[in-house]
Amino acid sequence: MSITTGVIAAAGSGTRMLPVTLGYPKELLPIINQPALQLIIEEFIAAGLTKIIVITGENPEPLHRQYKKETTLPRGKYAALDEFRDKMSDVEIIFEPQAGPYGNGTPLVVASKHIADGDHFIYAFGDDIIKAPQPFTQQLIDKHNRTSALVVGTQEVPWEDVVRYGIVQLKEGSTDLEMEDVVEKPSREEAKSNLSTFGRFLLSTEIIRILKEIPLGKANELWLTDSIREYIRQGGRVCAEAVKGGEWLTIGDPVNYLKTVLEYALSDAEMRVALEPRIRKLLNL
């Protein structure tokens, strides 16, 4: 069965990006001339997804405005807008407000009404962007097709940062990078590796079933990591997958947001020509 559904968690409060996030969600912060959320949607579209469920926060109106298919601006006048409309023309976007406990598992519980029992789907965090020559969503799907396992995006982080992420322990000798365990925000001493999960997952509705059954975890939040750990404990297979030829970027705080914008700007040949002399001057290079 092909995978055609994606879920995007876009309900975070964006407190590290205040005050700009008083006006609109951090998922709409611009990466050059595109909202961050659009980069995730385009990644989904490129991998063949046709239904995208966006879980919104307290102020969904900016998201609604951005993705309304109607606009008074005419076709043929703004090439970027025409391109945007064309990309979105065959995609169903569903908005659902988040309700329930804090935690990155809650958006999946909210989205479950739009996902058929037994289906597989892609789950993305709205502030995580994957810059790679091949859509990372397609990588996840390809690995699932090879292994029949659920698949989790992973990338090594500095050891001092393991306390901030879900940290993976791989099965020794597994050629598919099958996971033995995953622990949410372990201490440096508890961490079995520095291999972190990030905001891309290929999951099944079994994970949603578990999320509805497990107790709240650390800080009284509903953690996706805890449901994946329980899925493994119940005998399910989950494999890790690293980004091929690219990397995971995030926009959750000012420094990483600027790094992401700079990464995209310098990968555009025309912008690089314009920006590089200025950057060299500022850095006294």
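Is E276 buried, exposed or partly exposed? E276 has a relative accessible area of 27%, and is therefore partly exposed. The value, like the others in this report, comes from a predicted model.

## Helix α9 and the patch beside it

E276 shares a salt bridge with R272, in which N and O lie 3.7 Å apart. Both residues belong to helix α9, and because they are four residues apart in that helix, about one helical turn separates them. R272 has a relative accessible area of 37%, so R272 too is classed as partly exposed.

M271 is another residue of helix α9, which spans residues 269-282. Its relative accessibility is 30%, so M271 counts as partly exposed. Together with I32 and L275, M271 makes a nonpolar surface patch of about 200 Å².

## Salt bridges around E178

Across the whole structure, the search finds 16 salt bridges. Some of them are joined: K171, D176, E178 and R237 are linked in a network of salt bridges.

Within this network, E178 bridges to K171, the closest N and O atoms being 3.2 Å apart. E178 also meets R237 in a salt bridge, with an N to O distance of 3.2 Å. E178 lies in the loop between β9 (166-170) and β10, whereas R237 lies in the loop between α7 (224-233) and β12 (238-241), so this pair ties together parts that are 59 residues apart in sequence.

The accessibility of these residues can be stated one by one. E178 counts as buried because its relative accessibility is 12%, which falls under the 20% cut-off. K171 is partly exposed, with a relative accessible area of 33%. R237 is likewise partly exposed, at 30% relative accessibility.

The three salt bridges described so far are listed here.

| Salt bridge | N to O distance |
|---|---|
| K171 and E178 | 3.2 Å |
| E178 and R237 | 3.2 Å |
| E276 and R272 | 3.7 Å |

K171 also serves as a reference point for H64. The two residues are 107 residues apart along the chain, and their C-alpha atoms are separated by 43 Å. H64 is located in helix α2, residues 61-67. With a relative accessibility of 27%, H64 counts as partly exposed.

## Aromatic pairs

How many aromatic pairs are there? The count comes to six aromatic pairs. One of them joins Y123 and F125 in an edge-to-face arrangement, with 5.5 Å from centre to centre and 85° between the planes. Y123 has a relative accessible area of 0% and is therefore buried. F125 counts as buried as well, at 17% relative accessibility.

F125 also pairs with F201, and this pair is tilted: the centres are 5.4 Å apart and the planes stand at 55°. F125 lies in strand β6 (residues 120-125) and F201 in strand β11, so the contact ties together parts that are 76 residues apart in sequence. F201 is buried, with a relative accessible area of 3%.

Elsewhere in the account of the aromatic residues, F136, Y165, F198 and W248 form one cluster.

## The surroundings of S193

Where is S193 placed? S193 is in the loop between β10 (179-184) and β11 (195-204). S193 counts as buried because its relative accessibility is 15%.

Two backbone atoms lie close enough to the side chain of S193 to be listed by distance. The backbone oxygen of V168 is 2.5 Å from a polar atom of that side chain. The backbone nitrogen of L195 is 3.1 Å from a polar atom of the side chain of S193. When residues up to four places away in sequence are not counted, S193 touches W159, V162, I167 and V168. V168 thus appears both among these contacts and as the residue whose backbone oxygen faces a polar atom of S193 at 2.5 Å.

Notes:
Residues are numbered from 1 along each chain as its sequence is written. This is a predicted model: local features need pLDDT of at least 70, side-chain atom pairs count only at pLDDT 80 or more; totals for chains, interfaces and linings use all residues. Side-chain values use heavy atoms; hydrogens and water are left out. Helices (H or I, at least four residues) and strands (E, at least two) are DSSP runs, numbered from the N terminus. Buried means under 20% relative accessible area, exposed over 50%, partly exposed in between (1.4 Å probe, protein chains only). A polar contact is a pair of N or O atoms within 3.5 Å; within protein, one must be able to donate a hydrogen and the other to accept it, and residues adjacent in sequence count only if both atoms are side-chain atoms. Contact means heavy atoms within 4.5 Å. Patches are made of residues with over 30% relative accessible area and no salt bridge: like charges are joined within 9 Å, nonpolar side chains (Val, Leu, Ile, Met, Phe, Trp, Tyr) within 5 Å. Accessible areas come from the Shrake-Rupley method with a 1.4 Å probe; for residues, only the protein chains shown count as cover. A salt bridge is a side-chain nitrogen of Lys or Arg within 4 Å of a carboxyl oxygen of Asp or Glu. Rings of Phe, Tyr and Trp (its six-membered ring) pair if their centres lie within 6.5 Å; planes under 30 degrees apart count as stacked, over 60 as edge-to-face and the rest as tilted.
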